[in-house]
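User: Please take one part of this model and look at it closely. Then connect it to the rest, step by step.

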Amino acid sequence: MLLKTADFMNYDHLIVGGGIAGMESALTLGDMGYKVLLIEKEASIGGKMVLLSKVFPTLDCSSCISTPKMAATSHHPNVTIATNSEVEEIGRNGDGTFRVRYRRNCTFVDNAACTGCGECEIACTVSIPDEFNFDLVARRAAHIPFPQAVPKKAKIDLRGASPCSAACPAGVKAHGFVSLVRSGKYEEAFHLHMEDAPLPGSLARACYAPCEDACTRGDLEGTVSIRHIKRFMTDRYYGAHPEPEYGPPEERLDKKVAVVGSGPAGLTAAYHLARKGYPVTIFEAAPEAGGMLRYAIPPFRLPKDVVDRDIKNVTALGVEIRANARVESVQSLKEAGFDSVFLAVGSGEAWTMGFEGEDLEGIVDCMGFLRRAYSGRIGDLSGKTVVVVGGGNSAIDPARVSLRLGAAKVVIMYRRSRSEMPAHDWEVQAALEEGVHLQILQNPKRFLGKNGRLTQLEYLSMKLGEPDASGRRRPVPVEGSEALMDADLVVLATGLRPATFPFAGAIEIRRDETVNADAETLQTSIPSVFAGGDAVSGPSSIVEAIGQGKRAAFYIDRYLRGEPLDGTTFDERLPVMNKEAVIGRGPVSKREPIRVKEIAAGDRVKSFAEVEGCLSENDARASANRCLDCAGCSECHQCIRACPANAIHFDMRSEERTAEVKSVILSTGFRLFDPHEKPQYGYGRYPNVINAMQMDRLLSPTRPFNHTLRPSDGKQPNNIAYVLCTGSRDCSAGNPLCSRVCCMYSIKQAQLIMGALPLADVTIYYIDIRAFGKGYDEFYEQARGMGVAFVKGKVARIEEADNNDLKLFYEDIEGGGGTQEVEHDLVVLSVGLMPNKDVLKLFDNGDLAADPYAWVKEMDENLYPALTSIDGVFVAGTSSAARDIPDSILHAGAAAAQAAAHVERRRA
Amino acid sequence: MKTEGNRSLAEVLRDEMVMKDRIVGLLREEPKTIPELAEALGYPSHEVVLWVMALWRYGTVAEMKQGRNEEYFKYTLSASH
Ligand SMILES: Cc1cc2nc3c(=O)[nH]c(=O)nc-3n(C[C@H](O)[C@H](O)[C@H](O)COP(=O)(O)OP(=O)(O)OC[C@H]3O[C@@H](n4cnc5c(N)ncnc54)[C@H](O)[C@@H]3O)c2cc1C
Ligand code: SF4
Ligand code: SF4
């Protein structure tokens, strides 16, 4: 029985670990009528046995005998299985029972719906080492653990939020579209973007790209060029699709929404509301839609045909945009029959600075200048001197525009130092390259004119004083430093004012003239009116405004459906991945970011042509391939599209659970010896040195390769060596114990190789062969008879020969003595079984005793097998010692009997 | 060829998503062994094994029937490609 949410919380027995031992104990206890909770940390029960090829000495197919047991366990009415679950703590209650706290890790797949068809795996764009094939092959982020998995359900390997995606205020899945571009799925990348934000062309050019600031690769040789990748996919899509491929949604709702302002916030809210079926009308005061995209950002950064195409993504849904339609009151919209209003009027008005002479002709505010420049009302500036006052991004654009209008000299005057300039450094740099002069630590005092027209400005030098509220040092005028400068045009880029004054009487406006809207819901003091973008946040960024538009659409929809606005969360994000941990996963080869071509500074001031170029297809894919897949799954959503059962849901979350139990059986199994710890064998360096678990996979019917092939080049090996006792009986490896199974599994594999690769020679290098069980010695003799060579010799080291073959140096114990050198084309390290020490941490008081080798201690192995140091806690299978499968099953039976007796004794 | 200085497994696997189209292109010309693909791609054969086996696993490529004395399989595009 698989765990469902409503399952009860009391069980007779808890079993930790669903390998062969855990399943055996669970079935035995379940058959006796006890209620059993079986917790398994992996996505499937079955442990390591189900992954083996065959079992010694019978050569029965391992998965064929495991799978019925797995099915029986999962169908048993008394056994409840929690896979993907981790025990966090087991505490002992005063009455001798136990309290278990465990975590059900989210798989993002609804098990009730998933049919295990595997379509998600085929669609997935992220390739990850397959732990169930011991890293021999790739799996996908969306994966079914292995073909016989129980439950056979997909799982999405999403470990948190990738830093790039987590940083996006609009919730754009940066990692997702990067991953799609890497896979060559360019249209899919565009469509993924459109799930969150409808203006990819504009963002690709003018977004400040917080994703790139957050990118893990930025801590190495340079961030992934996420914005350029977006530019590539969007340009390609727009090139192929001059018009959107969709029309208005079929379902039209009857509630109407008015959006005031057609900047990114307004367009985005309209887009998301229209997709839900609401009729939306956008009212725009300016002659054309786009807000700052059209009237602030210059065409050499954002061509206006791109803005037009972006806006088509919104209007194709049936959104009506009324231009030259300034809204003067909320009431008028109500009267016109709108059920809800979204105010997204931006922050594009000018503050008056109060300089003497500020009203002279020839002095303009930033937005006024840009609007007039783009509409042709400021023509040729040839021979003129232009002074732009300010240090933000809004100062850079007028300066660069002035150069393009032919100005002889363009100065940016800023009252603090360069490092305090709020403008992005790359923007300042671009302006300087083009020939803009920067005059820092200077500020106008007054403007002088003749016949009402500006001729000169008087300015002061400044010095930096104490830090102000913003933390930046306050500029203080240097007394007596007044100087004069000739100027034909002054652009005051000293801050932008929210365009909220028409609404001041109706809704609450803050002192800085932004709208007082709820931070979560964006609702204003009038419940049907919501507000967002720069009108609420003050001057911010396109992507912040898009994020607010999307948020507003979410809450306006709830409002119009009569649902409460609290008790829900919009866009709940997973915890962001730790970048250091991502970098710590392994070495990353140096790959410098690919730069895009730009028009040379000298040429670009001659026209308004777009400065930045687009990545080529190859460069875009190579750039995307610098991504480190921080969170595993990229959230590219291909699996969602591919899944015929609609089983994948990224809003699922992990859950904390508790249960009360009367006894505990620990069957957490063993850990394989990691042969990296014996560097002289070259494991991890030489592809043809593998471990025995990998060889078992290569020999199994569900093998990772199409045949038993060697990993260096896919050749069928014909001269294979086994190195026994790798990590066992070896004090230098910290394990003096014999692992009991390595001799026998190596002999098993040797026999299987003889069948699979009839031409191959197999040599087993051993110290002595331990064939102690029933039929084991016969099995060994059978292998000798088949022609397996047994060489008594201790392998000292392995080196690689030129063709990826291997040179083995061994101490010849039986033959002539001395060190011998032989060549093989594949070497299998017969690794030992090590204790799984994690189990020792499960108990809150640390009472679980270990033996001197860190296996769970059995207090009296001879008389009372399976009893641990804690009354009521038992151990089964390889948690307490290396055991083969028959012995593990036997031991698990003993543990079940002891656990049952414990419960009965307490009942009596 | 020796394989000292290997790239990390995770990095090699990430490359699959870019290399797959080149491999498909090469196999469309004619079936090839792993060493032949490695030669054509200019990448170490142990990396190419990882890419080809992933493509095999998810159904893009298939192995050809092999002659008795051939050490290497030839791979081709599977019927659905
Ligand atoms: C290469 C190789 C070949 C072998 N071949 C043979 C063979 O042919 N014949 C034979 O008899 N034996 C063979 N063995 C030995 C065999 O694998 C073991 O005897 C058997 O798997 C032991 O079963 P187990 O249930 O004790 O442990 P495992 O199979 O290790 O199962 C333990 C389970 O517990 C889970 N778990 C661990 N910690 C937790 C936790 N904290 N919370 C929840 N779940 C947890 C694990 O994910 C796992 O599913 C071989 C071993 C190796 C390495
Ligand atoms: S969202 Fe994309 S990367 Fe993640 S599992 Fe689905 S297909 Fe794979
Ligand atoms: S490395 Fe990739 S997933 Fe990680 S932050 Fe950068 S782009 Fe995002």
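Analyst: Start with a sorting rule. Ala, Val, Leu, Ile, Met, Phe, Trp, Tyr, Cys and Pro count as nonpolar. Asp, Glu, Lys and Arg count as charged. The others, Gly among them, count as polar. Keep in mind that this is a predicted model.

Now apply the rule to ligand 2. Its shell holds nine nonpolar residues, four polar ones and one charged one. Which of the 14 residues around ligand 2 come nearest? They are A:C124, A:C633, A:C636, A:H637 and A:C639.

Stay with A:H637. This residue sits in the loop between α21 (617–624) and α22 (638–642) of chain A. Its phi is positive, near 70°, and it is not a glycine. Is A:H637 buried or exposed? Its relative accessibility is 11%. Buried means under 20%, so A:H637 counts as buried.

Another residue shows a similar backbone feature. A:N804 is not a glycine either, and its phi is positive at about 70°. The loop that holds A:N804 runs between β33 (789–800) and β34 (806–812) of chain A. With a relative accessible area of 5%, A:N804 is buried.

Turn to ligand 3. Its surroundings are A:S162, A:P163, A:C164, A:H175, A:C215, A:T216, A:V224, A:I226, A:C627, A:L628 and A:C630. How does this shell divide? Eight residues are nonpolar, three are polar and none is charged.

One residue of that shell leads onward. A:I226 is among the residues around ligand 3. A:I226 also belongs to helix α9, where it is buried. Helix α9 of chain A covers residues 226–240. At 1.5 Å a residue, its 15 residues should span 21 Å. The end C-alpha atoms are 21 Å apart, so the expected and modelled spans agree.

Why is α9(A) called largely enclosed? Eleven of its 15 residues are buried, so the rest of the structure largely encloses it. A:I226, A:R227, A:H228, A:I229, A:K230, A:R231, A:F232, A:M233, A:T234, A:Y237 and A:Y238 are the buried ones. A general point helps when you look at a helix. An α-helix has 3.6 residues a turn, so residues three or four places apart point the same way.

Compare a helix in the other chain. Helix α1 of chain B covers residues 9–29. Its 21 residues should span 30 Å, and its end C-alpha atoms lie 29 Å apart, which agrees. Where does α1(B) bend? The bend is at B:V18 and comes to about 55°.

Next, the strands. Strands of a sheet pair through backbone hydrogen bonds, either parallel or antiparallel. In chain A, an open sheet of five strands has the order β14-β13-β12-β15-β27, with parallel pairing. Which strands stand at the edges? They are β14 (320–322) and β27 (529–531). Each has a single partner strand, so one side of each has no neighbour in the sheet. On average, neighbouring strands of this sheet are turned by 20° against each other, direction ignored.

Look at one pair in this sheet. β12 (residues 257–260) and β13 (residues 280–283) of chain A pair in the parallel sense over four bridges. A:A258 has A:T281 in β13(A) as its bridge partner.

Strand β36 of chain A is another useful stop. All six of its six residues, 826–831, are buried. Both faces are covered. A:L826, A:V828 and A:S830 lie on one side, and A:V827, A:L829 and A:V831 lie on the other.

β36(A) has two partners to trace here, β30(A) and β31(A). With β30 (residues 689–691), the pairing is parallel over three bridges. There, A:V689 is bridged to A:V827. With β31 (residues 719–726), the pairing is also parallel, over five bridges. There, A:Y722 stands opposite A:V828.

Finish with some loops. Which peptide bonds next to prolines are cis? The bond from A:F56 to A:P57 is cis, with omega near -10°. A:P57 lies in the loop between β3 (54–55) and β4 (60–61) of chain A. A cis bond also joins A:V150 and A:P151, with omega about 0°. A:P151 is in the loop between β10 (142–143) and β11 (155–156) of chain A.

Methods:
Residues are numbered from 1 along each chain as its sequence is written. Chains are lettered from A and ligands numbered from 1 in the order in which they are written. This is a predicted model: local features need pLDDT of at least 70, side-chain atom pairs count only at pLDDT 80 or more; totals for chains, interfaces and linings use all residues. Side-chain values use heavy atoms; hydrogens and water are left out. Helices (H or I, at least four residues) and strands (E, at least two) are DSSP runs, numbered from the N terminus. Buried means under 20% relative accessible area, exposed over 50%, partly exposed in between (1.4 Å probe, protein chains only). A residue is near a molecule or strand if one of its heavy atoms lies within 4 Å of it. The expected span of a helix is 1.5 Å times one less than its number of residues. The bend at a residue is the angle between axes fitted to the seven residues ending there and the seven starting there. Two strands pair if DSSP finds at least two bridges between them. Axes are lines fitted to C-alpha atoms, for helices over the stretch in contact, and angles run from 0 to 180 degrees between N-to-C directions.
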